[in-house]
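Here are a few exercises to work through with the model open in your viewer. Try each task before you read its solution.

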Amino acid sequence: MVNADSSRVLQAAQALARGDLIGLPTETVYGLAADAHNPQAVAKVFQSKGRPAQHPLIVHLLEAAQVPLFASHVPRFAQALMSACWPGPLTLILPKQSGVADAAAGGHATIALRCPSHPMAQALLRAALGLGVQGVAAPSANLFGSVSPTTAAHVREAFPQLLVLDGGACAVGIESTIVDCSRDQPVVLRPGILTASYLSEVSGMSVLTSADRAHNASLDRAEPFFSGLVAAAPGTLASHYAPLARLRLLTAADMAMRLPIVDCRVALWHRSAIPAFTGVLQAVMPSDAVACAQALFAQLRELDAQGVQEIWVETPPAGEAWDGVRDRLQRAAA
Ligand code: TXA
Ligand code: MG
């Protein structure tokens, strides 16, 4: 980081310590950050986003050594996940220490913790810790229900008055993978760029996904917990991440078939070849899942800004590498 950045970071840390909000770059998406121990500051986050206050926030930490401040119990598989993936795009749900960060946890008995790897996030967390801020609660810095921000400019669009640290375009581009570690077995609550098989490999435990739950209804009967998962991860609302234009997920063949008869302004985001149509915007979708995730939210915003009525996105390929992208697109299309 250059000197100008260091003084901005210090200024932002001071703002957090005073109880103000800042825009925070992370490797996944930008966050709207507040001191996790300050209930008034946390209330401002919910209010600014228009987010219901029982909808819990992720607390960002400088390092794993801070986890015991917030979590009352860390299973061995959670420890292994932290060692392998932190700092990085992984959030763990753990049983919460009582009496800490209640507002950030939205009144839940568990807490979401994550240690981000973005150098500017790390610098901010270190500076804030030096001023007594032990954890930084931050949801994605967008209005509730809209597309997450992956640049500082996206954050300023939604929050023009906010002090935003500019850390460039986010490298991952979709939100962290969330793994519930508050039970005997880890469960992915929100898919991200880290796949369930990778997480299973590094944790030494089989990490369940929503597909496992759907295909194995006996899990729900055996463990009442599974049926409560939607309530446990309220951010998994069906209509999350929606652009203004209507988003449709279609195969390339469907796109080609519908284009000649379409009666509104349409933009396409596709990997396969599709014949050009006058007046139809076309953007190329990366055929690699990681590159596609990185581009996703900025691309949806860009097509949205063209004032089209519909955005047609080519259905992502099968395979777990695409789980995070597929999840965001399905929600945006819901
Ligand atoms: O990548 C990310 O995770 C970004 C950056 C800023 O770190 N943050 C983010 O925060 O995506 P947000 O608030 O947009 O999403 C947090 C998700 C929500 O779906 C919320 O329901 C879930 O985490 N969550 C938080 N605490 C939880 C808890 N105790 N139990 C279950 N889910 C929880
Ligand atoms: Mg969000």
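**Exercise 1. Which residues does Leu94 touch, leaving out those up to four places away in sequence?**

Keep in mind that this is a predicted model.

Step 1. Go through the contacts of Leu94 at lower residue numbers: Val67, Ala71, His73, Val74, Pro75, Ala78 and Met82.

Step 2. Now go up the chain, where Leu94 touches Thr110, Ile111, Leu113, Cys181 and Ser182.

Step 3. Put Leu94 in its setting. The largest nonpolar core holds 46 residues, and Leu94 is one of the four that touch the most other members, along with Leu90, Leu92 and Leu113.

**Exercise 2. Find which elements give two or more residues to the largest nonpolar core, and which one gives the largest share.**

Step 1. Start with the strands: strand 2 (31-35), strand 4 (90-95) and strand 5 (110-114) are on the list.

Step 2. Add the helices, namely helix 2 (39-49), helix 3 (67-70), helix 4 (76-85), helix 6 (152-158) and helix 7 (196-203).

Step 3. Pick out the top contributor: helix 4 supplies five residues, the largest share.

Step 4. Look for a second core. There is a separate one of 24 residues, with Ala245, Leu300, Leu303 and Trp322 among them. As background, nonpolar side chains in soluble globular proteins tend to be buried together.

**Exercise 3. Work out how helix 4 and helix 7 are oriented to each other, and what their contact is made of.**

Step 1. Take the geometry: the two helices pack at about 110°, and their axes are 8 Å apart.

Step 2. Classify the angle. Angles from 65 to 115 degrees count as roughly perpendicular, so helix 4 and helix 7 are roughly perpendicular to each other. Their crossing is right-handed.

Step 3. List who meets whom. Helix 4 brings Phe77, Ala80, Leu81, Ala84 and Cys85, while helix 7 brings Tyr198, Leu199, Val202 and Ser203.

Step 4. Sort those residues by class: eight are nonpolar, one is polar and none is charged.

**Exercise 4. Do the same for helix 1 and helix 5: are they parallel or oblique?**

Step 1. Helix 1 (residues 3-18) packs against helix 5 (residues 119-130) at an angle of about 50°, with 9 Å between the axes.

Step 2. That angle falls outside the parallel, antiparallel and perpendicular ranges, so the pair is oblique. The handedness of the crossing is right-handed.

Step 3. On the helix 1 side you'll find Asp5, Val9, Ala12, Ala13 and Leu16, and they meet Met120, Ala123, Leu124, Ala127 and Ala128 of helix 5.

Step 4. The class count comes to nine nonpolar, no polar and one charged.

**Exercise 5. Which handedness does the crossing of helix 13 and helix 14 have, left or right?**

Step 1. Locate the pair: helix 13 spans residues 289-305 and helix 14 spans residues 323-333, packed at about 35° with axes 9 Å apart.

Step 2. Check the turn: this crossing is left-handed.

Step 3. Ala289, Cys292, Ala293, Leu296 and Phe297 of helix 13 meet Val325, Arg328 and Leu329 of helix 14. By class that gives seven nonpolar, no polar and one charged.

**Exercise 6. Describe the backbone at Pro87 and at Ala101.**

Step 1. Pro87 sits in the loop between helix 4 and strand 4. The peptide bond joining Trp86 and Pro87 is cis, with omega about -10°.

Step 2. Ala101 belongs to the loop between strand 4 and strand 5. Its phi is positive, about 45°, although Ala101 is not a glycine.

Step 3. Buried or exposed? Ala101 has 7% relative accessibility, so it counts as buried.

**Exercise 7. Where is Pro116, and what does it touch?**

Step 1. Pro116 lies in the loop between strand 5 and helix 5. With 0% relative accessibility, Pro116 counts as buried.

Step 2. Compare sequence with space: Pro116 and Thr26 are 90 residues apart along the chain, yet their C-alpha atoms are 6.2 Å apart.

Step 3. Leaving out residues up to four places away in sequence, Pro116 touches Thr26, Glu27, His60, Leu61, Pro87, Gly88, Ala121, Gln122 and Leu125. Pro87, from the cis bond with Trp86, turns up here too.

Terms used: Residues numbered from 1 in each chain as written. Chains lettered and ligands numbered in written order. Predicted model: local features only at pLDDT ≥ 70, side-chain atom pairs only at ≥ 80, totals over all residues. Heavy atoms only, no water. Core = buried A, V, L, I, M, F, W, Y, C linked by side-chain atoms within 4.5 Å. Buried < 20%, exposed > 50% of the residue type's maximum accessible area, 1.4 Å probe, protein only. Helix = DSSP H or I, 4+ residues; strand = E, 2+ residues; numbered from the N terminus. Contact = heavy atoms within 4.5 Å. Axes fitted to C-alpha atoms, helices over the stretch in contact; angles between N-to-C directions. Parallel < 35°, antiparallel > 145°, perpendicular 65-115°, else oblique. Left-handed = near helix turned anticlockwise from the far one by under 90°. Nonpolar A, V, L, I, M, F, W, Y, C, P; charged D, E, K, R; others polar.
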